[in-house]
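I opened this notebook to keep track of what I looked up, one topic at a time. The sequence and the structure come first, and my entries follow.

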Amino acid sequence: MFEYAPAPESRSIVSIASTYGLFIDGDFSDGKGTFKTINPASEEVLAEVAMAAPEDVDRAVAAARRAFGPWSALPGAERAKYLFRIARIIQERSRELAVLESLDNGKPIKESRDVDLPLVAAHFFYYAGWADKLRYAGFGTDPKPLGVAGQVIPWNFPLLMLAWKIAPALAAGNTVVLKPAETTPLSALFFADVCRQADLPPGVVNIITGAGDTGRYLVEHPDVDKVAFTGSTEVGRQIARSVAGTGKRLTLELGGKAANIVFDDAPIDQAVEGIVNGIFFNQGHVCCAGSRLLVQESIADELLDSLKRRMATLRVGDPLDKNTDIGAINSAAQLAKITELSEIGSSEGAERWSPPCELPDRGFWFAPTIFTGVTQAHRIAREEIFGPVLSVLTFRTPDEAIEKANNTPYGLSAGIWTEKGSRILAVADRLRAGVVWANTFNKFDPTSPFGGYKESGYGREGGRHGLEAYLA
Ligand code: NAP
Ligand code: MG
């Protein structure tokens, strides 16, 4: 093995202000107090951000309401021009945005640069294309926007989740108030500047920063017509309760515990790459992560040997280094959760393994980890860890694989690795998961709907289906 020289991306290409206000009605204004956002790789404070109080949420919703009439009355082709403009500005400024996202979130620059940002632009381009074709989307001959959308997003793909929420909402003629996660507000505030650069009319997009309470005020606001939430199943449940009976439309994208199923005829090297991508991409902070590996017993030893060899080559460290595979864990709280569940895995009798790897002294880090000898009763086989931790189970027959894969309260995604097309189709058909990948994993495309069954939530984002959530 050879060593890599450091190859850091320059952080000076993005300028970060020391303070940020709330983006309401096209302008930045103060909230009630502030909070700090840090770089989880160094614990350095990046900026102070305004905390939106209930009266600020009122102001933002009122601005979105005022903007709704004129925005929804624009011909679709005119709304499309703004969305195309936003998409192009994102492409032009993607280096700045990628560095900003990696700084605030901790994800490796090669992911923010090569995955998040291209997908963000692609989402705006895709939904820009729908804005003047809504009558042909399959939701009636004269579909209407809903009004003001209150949108709350998590920290794992800050800008991508913003794009999934804002692009279809605007294309369909709605206006939005969006709350980014507390630990990752900066790319959403940068996006506010992109909206200004695109001359988007004031009030069409409002960004309010704050903690969980700000999100709660927003989703409970009586003048919000549609709530879109991505985050934990626990908060999703609270929101479902508070929205019930109000007449608001609701979509929920929640957690997952995906099975990645490897059959004995799978190409082992490709499967190993897919397993690594499935669980170590974005430090495993992925709702559709392939966090349960189901491997056919006859190839388990061979596959695990290859997987361990591959894991030993993963580079953990500086997110801005172009050779980094695994960056920082997003927050101290998330690190504590991953650490606790991993300790429970050991104490319940599973066997833990990580490659030797040196972790930086400052910041939040967790070595890539696998647990073997896991049974379905183990908590690490049932609960979402949301970190770089893989639970390995074995099976003997396809029926057993399907039964184990479906034995979860979630139903967001799954993976199948086999040489036989007929087996892919037969197994995929019986998996209760919204997205099933075959001989690949974690592939996303704006044209393809994404969403779950059971406790993974309801509604679909992406594709033509994603428009339905914003049209009546
Ligand atoms: P979370 O606590 O549910 O937070 C998500 C967002 O909701 C954040 O902006 C949060 O604000 C806000 N929030 C917190 N309490 C709220 C409340 N009572 N009412 C309204 N909003 C509230 O989730 P997390 O722990 O940050 O994120 C990890 C979880 O999200 C995982 O379980 C993961 O599976 C899930 N997730 C799902 C998807 C998907 O597409 N299905 C994607 C990503 C993540 P603060 O940041 O200030 O707490
Ligand atoms: Mg941060």
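These entries go from the domains to the ligand, then to the cores, the strands and two loop residues.

**Entry 1: the domains.** I began by noting that I am reading a predicted model. The protein is divided into domain 1, covering 11-254 + 456-468, and domain 2, covering 259-446. I looked up how far apart they sit, and the centres of domain 1 and domain 2, taken over C-alpha atoms, are separated by 29 Å. Where they touch, 24 residues of domain 1 are in contact with 26 residues of domain 2. On the domain 1 side of this contact, the elements that give two or more residues are α3 (94-105) and α4 (109-130), and α4 gives the most, with seven residues. Sorting that side by class, I found nine nonpolar, nine polar and six charged residues.

**Entry 2: ligand 1.** Which residues come nearest to ligand 1? Of the 27 residues around ligand 1, the nearest are E182, G212, G215, G231 and C287. Two elements, α7 (212-220) and α8 (233-243), give two or more residues to this shell, and α7 has the largest share, with four residues. By class, the shell around ligand 1 holds 13 nonpolar, nine polar and five charged residues. I also wanted to know where ligand 1 lies with respect to the domains. Domain 1 and domain 2 both give residues to its shell, and therefore ligand 1 lies between them.

**Entry 3: the cores.** I then turned to the nonpolar cores, recalling that in soluble globular proteins nonpolar side chains tend to be buried together. The largest nonpolar core has 92 residues, and L83 and F124 are the ones with the most contacts inside it. Helix α5 (residues 158-171) gives the most to this core, with eleven residues. I followed F124 further: leaving aside its neighbours within four places in sequence, F124 is in contact with L83, I86, A87, I90, A163 and A167. There is also a second, separate core of 61 residues, which includes F263, A328, F386 and F441.

**Entry 4: strands.** In strand β6 (residues 148-152), five of the five residues are buried. V148, G150 and V152 point one way from β6, while A149 and Q151 point the other way. This fits the general rule that side chains in a regular strand alternate between the two faces of the sheet. Strand β6 is joined to strand β7 (residues 175-179) by five bridges, and the two run parallel; A149 stands opposite V176 in β7. Elsewhere I found an open sheet of three strands in the order β1-β5-β4, with mixed pairing. Here β1 (19-20) and β4 (34-39) each have a single partner strand and stand at the edges, so one side of each is left without a neighbour in the sheet. Six bridges join β4 to β5 (residues 44-50), running antiparallel, and the bridge partner of I38 in β5 is V45.

**Entry 5: two loop residues.** Most residues other than glycine have a negative phi, and I noted two exceptions. Q283, although not a glycine, has a positive phi of about 60°, and Q283 is found in the loop between α9 (268-280) and β12 (292-296). Is Q283 buried or exposed? Q283 counts as buried because it has 34 C-beta neighbours inside 10 Å. N442 also has a positive phi, near 50°, and lies in the loop between β17 (435-438) and β18 (457-458). With 20 other C-beta atoms within 10 Å, N442 is buried.

Methods
Residues numbered from 1 in each chain as written. Chains lettered and ligands numbered in written order. Predicted model: local features only at pLDDT ≥ 70, side-chain atom pairs only at ≥ 80, totals over all residues. Core = buried A, V, L, I, M, F, W, Y, C linked by C-beta atoms within 7 Å. Buried ≥ 20, exposed ≤ 12 C-beta atoms within 10 Å, placed from the backbone. Contact = placed C-beta atoms within 7 Å. Near = placed C-beta within 6 Å. Nonpolar A, V, L, I, M, F, W, Y, C, P; charged D, E, K, R; others polar. Domains from an automatic or database assignment. Pairing = 2+ DSSP bridges.
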